[in-house]
Amino acid sequence: MTPDLPKSLSDLPVTAPKWVGKPVNRIEDPMLVTGRVEFIDNLTMPGMLHCAILHSPYPHAKINGIDVTAAESLPGVVAIVTGEDAERWSRVGYTSPEGWGTHCMATDKVRFAGEPVAAVAAVSRYVAEDALELIDVDYEPLPVIVDAHAALEPDSPRIFEEHDSNVMYQRDFKWGDVDGAFAAADHTYTERFRWHRVGANPIETFGVISQWNPISETLTCHGSFQTPAFMALGRAAMHRLPTNKVRAIGQPHGGSFGGKGGGRGIDITALLSRKAGGQPVKWIEDRLEYLSAGGGQAWDRFYEASLAVNDDGTVTGLRVKLLDDLGATGEGFGATGAAKPMASFTGCYAIPNAEYDLTIVATNKLPASPYRGMGPPPHNFVLEQMMDIAARDLGVDPAEFRCRNFIPSDQFPYTIASGNEYDSGDYDAAMKKLLEMADYDALRAEQEQARSEGRLRGIGIVSTIEPGVFDWNAYAVIGQKGVGVPEGVSVSIGNTGKIIVRVGFPLEGQGQYTVAAQLLADYFAVDIGDVEVVAQDSLSAPTNFGPGGSRLAVALTGAVLGAAGKIRDKFVRVAAKLFEVQPEDIELMDGKLRVRGVAGGAQLTVGQAAGILIHRTDLLPDGMEPGAEATFVWSSPDRVPPDDDGRVKSYLTAAYACHLVVVDVDPETGKTEILKYVIVDDCGTRLNPANVEGMIDGAVAQGVGAALLEEYVYDEDGQLLTGTFMDYLLPTIHEVPATEKAALVTPSPFTPLGAKGAGESAIHTTPAAIMCAINDALLPLATRATEVPATPNRLWTLLQAAKQP
Amino acid sequence: MTAKRDVSLTVNGVAYSASVEPRMTLVDLLRGELGLTGTHVGCEHGVCGACTILLNGQAVRSCIMLAVQADGAELMTVEGLSEDGQLHPIQQAFVGQRGLQCGFCTPGFLMSVYELLQHNPAPGDDEIKEALGGELCRCTGYQSILRSVRDAAARLRGEVPAAATEGEA
Amino acid sequence: MKPAQFDYADPRSVEDAVALLQQHGADAKILAGGQSLVPLLNMRLARPAVIIDVGKLRDLDYIRDDGDALVIGALTTQRSVERSELVAREHPLLAATTRYIAHPQIRNRGTFGGSIAHADPAAECPALAVALDMQITVVGPGGARVIAAADFFVTYLTTSLEQDEILTDVRVPKLTPGTGWSIQEVARRHGDFAMAGAICTLTLERGRCAAARIALFGVGAVPVRAPEAEQTIIGQEPNAALFEEAGARASAEISEPLADIHGSSEFRRHLAGVMTQRALTEAFSRAEAR
Ligand SMILES: Cc1cc2nc3c(=O)[nH]c(=O)nc-3n(C[C@H](O)[C@H](O)[C@H](O)COP(=O)(O)OP(=O)(O)OC[C@H]3O[C@@H](n4cnc5c(N)ncnc54)[C@H](O)[C@@H]3O)c2cc1C
Ligand code: FES
Ligand code: FES
């Protein structure tokens, strides 16, 4: 039975919510600021060994042999595994697209520099690393492909011999009459873009402690897992174990952003533990491993985009051709990032005809991973540049041009060309508010002034969608199976009214435990401190997925309210029996069960009701199961697989944001300085506005990094040149601008309380906005930045070329 | 095996001695040998700042210092900030102003802020940025951290009444 | 990412340190603040058999006023230099230069002598050494000798220090009256090593430039002076056009700058000119204000 979930805050059983919708301090923070949270590396176990992994220095090479004898005899070394052990005890990894996977350690050949080749378990990490130096691997180098275009050549060396080319996926999606739209358009515009690899880089790298139990043949893994249940499922498949024989325990962890990776690390430590007879084996990925061999690289893309536009400024068609360099394998869900842009393909705009010509290719680079935003950020960058290119050519102000093409607020729910449905929004209102807050006209006047002084001042204005609450069907076209991503919690209330909510995901930083506590505190009118959130392992927790795809706050709200509703229904029946009325006559309000419409009458507190359910089963209605507890599993309603054209209703919510950014580009150094940053966003009901603001601030910083600083650079031999934090440049406090923010609230009609997914946030918007601003700055020089990040060297090179007659 | 060395040091007022390989980093001594796991490790090459601690009152990276170099030193780590279950005003400010999300970087930030506010009870934003430019946070975008430091300074100057922010820690 | 094994010694005198260096030769490495060396140890890019930790040589931690120069002990931290009242008063350029090194947490450990000895071509202190003709005292088995900065930096991360020598102090000449100064650098992020930088001093006499020093960093295997650019302005009445010309000269006269992922050789050459021009402009305005 699905209980009715409250559709808005006013549906909650309180006169006025005290917690939900408020910027409540996070319950997780006191433990975090005192350094008491058990991050994976804080954990030790009796008999625990430490793993170090030997990574291939070659991007592409045959392995003719591995000699571990010297390493084995080093005192303190307990076990060593290689590809042979992986072949004996595990499978080739699951990939999407299918069939592009390897074992967790190289067997016949290596496909990227950094690929694990062997691993050691020893008494300390120091000794384990000493042992790595004693392992002798006989490599036979093979020709290397780093360039995605070269990888497409028919005579290109193959990354996987069993495939007849390096193309992992190719499909040309057409929605509407694209060719007709382009043929009929008054204007068409085409441009190419390059987005270089960037990635998550949480400050905590991945870590795991695996323990194989040789008697029960079970595997237990503690680790910094973003999604423990999902990790456990993968490990069961990998190690050929029944799913109920793998226990994954998610430790609280230091950020993920989709890029914690770690699959290979779990498998390798599992093999080591097995080989060591069941001693637990810890592996903490170090930063160099994270950068060169971890889950931190995403979105290596070549784009060609075209826009069909009429004289009146309406955009009638969008074509995007993407060559996505996924790296050496299809592991780690990197390819989902190429599919997800379909969930918001035409952005905030009513563009009826669209085409997505998608090619995913393998090269000898680290396999790409997901990263916050999961793929649309580069797409949005491309679309927004195209909007500016068209606006400029037509002499229309970029803000005005966008307004002309916005999906009108009275057309929601609105189905975009690529098939997804947007739930609600008022883009025009957001843009108006943005321009007003920023004092747009004054900014343009200042820009005129700056230009007349020879300065390169630019203003970027963009609007983007944040698809929220993912469903697997969004990625079905590239081989992900399934529909529905269930999130379950169980709630129980003790006889003093204290509440426990059990969830299946660990702390990660977004403040979801606080959201769960806020919801229950208001639902049962207790103090937020009376709610305890407990994380359970994959064998104990209800069916769940955890964070990802901007979903958890919404899904968790559904799950918590569903479970609360089930408990309330029991309470109501208990109270009805006691008060000798019909259940319909009882209501829960402000923590009391009472007869509707009777002021000052008999009432039962939540604690009393729970107490009866636990200790006075004699008073329960006939057939009622004792206990004040309930489990509820929530999933997005109405999701189905894609149609034949790949169109699918995938993401449940469509939050959106308009950003305005002002930059100066220093013509002499090519450095971009952000002078002003204004944001208007709308993610529906804000369950905890401070959480939402935190997501925005953090995502702006990541967007600044992507637009200006961060880039994984490989040389032509396939060697990573940005293998340290001295070279892969995360933004610091100096580089991230302060933002002025305002919020609109257009509740989602489809979600509990009307909240929308908001966790990915500004990463969708910031890179596009900064690049638009830079291109606005470059406008007088008639040049255009089409490569991200816009580094000083790149911008200076453009400026030099523009100066040449 | 190279000879181990004896190291004596004081951490958060407690005297410790340990016998370590000279190659052991200070952060590995603190976390692995002394069990003080509040100090974190994010890069082991001096860039991220997660391992920042106070060495004789100065904020330093414990990942690019050998344990033997700290022989005789007085250290303070995040575990030494709060007393008797009471959060230090800097910690209160970080909680109240949302100066953290995942919290992994936080101990390093707290120690750097501690040093800053010892010298400069009323830092301007530029001074705060200068003090924290070497601490990376991937979650917050730093804006709430700036607010937290301003608030911490005010608290330490006695300016903020204890319950000024919601859900006071 | 853990260091390989090494033996460890912590001598209590310069003599003992030198004796140890003599004993272990190429297998030994001096450890000062460790801010460059320990990352290399952690990555196993440096693998000395013996670490000679000079951190206990506390008598090499001082800043002394020696009339026309400041003398700085090798073990003085960059932070001490940056914060010293003596330096602030007598040598603001020195204080300003140290502030460009990384971040406070690094400067709290990193030593002045270590930065010079490490000889990173993108580092600030070696460039200042070259700009000011610092005198670098080193002690070896045969006693002390003084090396002029111009002779000290040999190539990338390599100096004319012998294997058995230790750097003990650096004599930093003060600026003469009427001299303005500036350090300008462009880095990807605040606190990063420079893509290119310039340190300039400019001495005014009766409205003309009587002396000028230009040192560039991040643009070659060692920090370099730009003598042609210096000559361009010496004897001239300073103005914007002159600084631009000097910048162009500086840019032209350096040999092929090292390229890396942050900047091509061509870009760094260009930046060297821009930084020179900006530094001269600021130095001039400081000189005028004096
Ligand atoms: C994140 C980060 C950012 C940085 N950014 C910058 C920057 O922007 N600019 C900059 O200039 N530096 C930067 N550095 C380097 C830092 O300044 C170092 O402190 C400095 O380069 C070396 O000084 P140290 O005392 O730490 O030397 P150590 O690391 O101890 O030693 C460095 C080298 O010098 C030798 N050496 C040291 N002292 C002596 C001596 N007395 N006699 C003989 N040989 C000696 C050592 O054997 C070793 O080879 C950065 C470091 C880090 C970790
Ligand atoms: S772990 Fe020490 S600075 Fe990153
Ligand atoms: S709070 Fe996560 S890194 Fe700072």
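**Exercise 1. Place a strand among its neighbours**

In β5(C), which residue is the bridge partner of R64(C)?

*Solution.*
Step 1. The bridge partner of R64(C) in β5(C) is V71(C). The model is predicted, so local features need pLDDT of at least 70 and side-chain atom pairs count only at pLDDT 80 or more, while totals for chains, interfaces and linings use all residues. Side-chain values use heavy atoms, without hydrogens or water; residues are numbered from 1 along each chain as its sequence is written, and chains are lettered from A and ligands numbered from 1 in the order in which they are written.

Step 2. Fix the terms. Strands (E, at least two residues) and helices (H or I, at least four) are DSSP runs, numbered from the N terminus. Two strands pair if DSSP finds at least two bridges between them.

Step 3. Look at one neighbour. Strand β4 (residues 63-65) of chain C runs antiparallel to β5(C), and three bridges join them. The two strands form a hairpin with three residues between them. In the turn, G67(C) has a positive phi of about 75°.

Step 4. Look at another neighbour. Five bridges join β5(C) to strand β10 (residues 166-173) of chain C, again antiparallel. Here V71(C) has R171(C) as its bridge partner in β10(C).

**Exercise 2. Buried or exposed?**

Are the residues of strand β5 of chain C buried or exposed?

*Solution.*
Step 1. Set the cut-offs. Buried means under 20% relative accessible area, exposed over 50%, and partly exposed in between (1.4 Å probe, protein chains only).

Step 2. Count. Five of the five residues of β5(C), residues 69-73, are buried, so the strand is largely enclosed by the rest of the structure.

Step 3. Sort by direction. A69(C), V71(C) and G73(C) point one way. L70(C) and I72(C) point the other way. In a regular strand the side chains alternate between the two faces of the sheet.

**Exercise 3. Describe the ligand site**

Which residues are closest to ligand 1?

*Solution.*
Step 1. List them. The closest are I30(C), G34(C), S36(C), L37(C) and T111(C), among 33 residues that surround the ligand (a heavy atom within 4 Å).

Step 2. Check the chains. Residues from chains A, B and C surround ligand 1, so the site is shared between chains.

Step 3. Find polar contacts (N or O atoms within 3.5 Å; within protein, one must be able to donate a hydrogen and the other to accept it, and residues adjacent in sequence count only if both atoms are side-chain atoms). An oxygen atom of ligand 1 is 2.7 Å from a polar backbone atom of G34(C). An oxygen atom of the ligand is 2.6 Å from an N or O atom in the side chain of T111(C).

Step 4. Name the elements. β2 (28-31), α7 (112-118) and β10 of chain C each give two or more residues to the shell. α7(C) gives the most, with four residues.

**Exercise 4. Find the edges of a sheet**

Which strands stand at the edges of the open sheet β11-β12-β13-β14 of chain C?

*Solution.*
Step 1. Read the order. The sheet has four strands, with antiparallel pairing.

Step 2. Pick the edges. β11 (179-186) and β14 (224-225) of chain C each have a single partner strand, so one side of each is left without a neighbour in the sheet.

Step 3. Check one pair. Eight bridges join β11(C) to strand β12 (residues 196-205) of chain C. I183(C) stands opposite I199(C) in β12(C).
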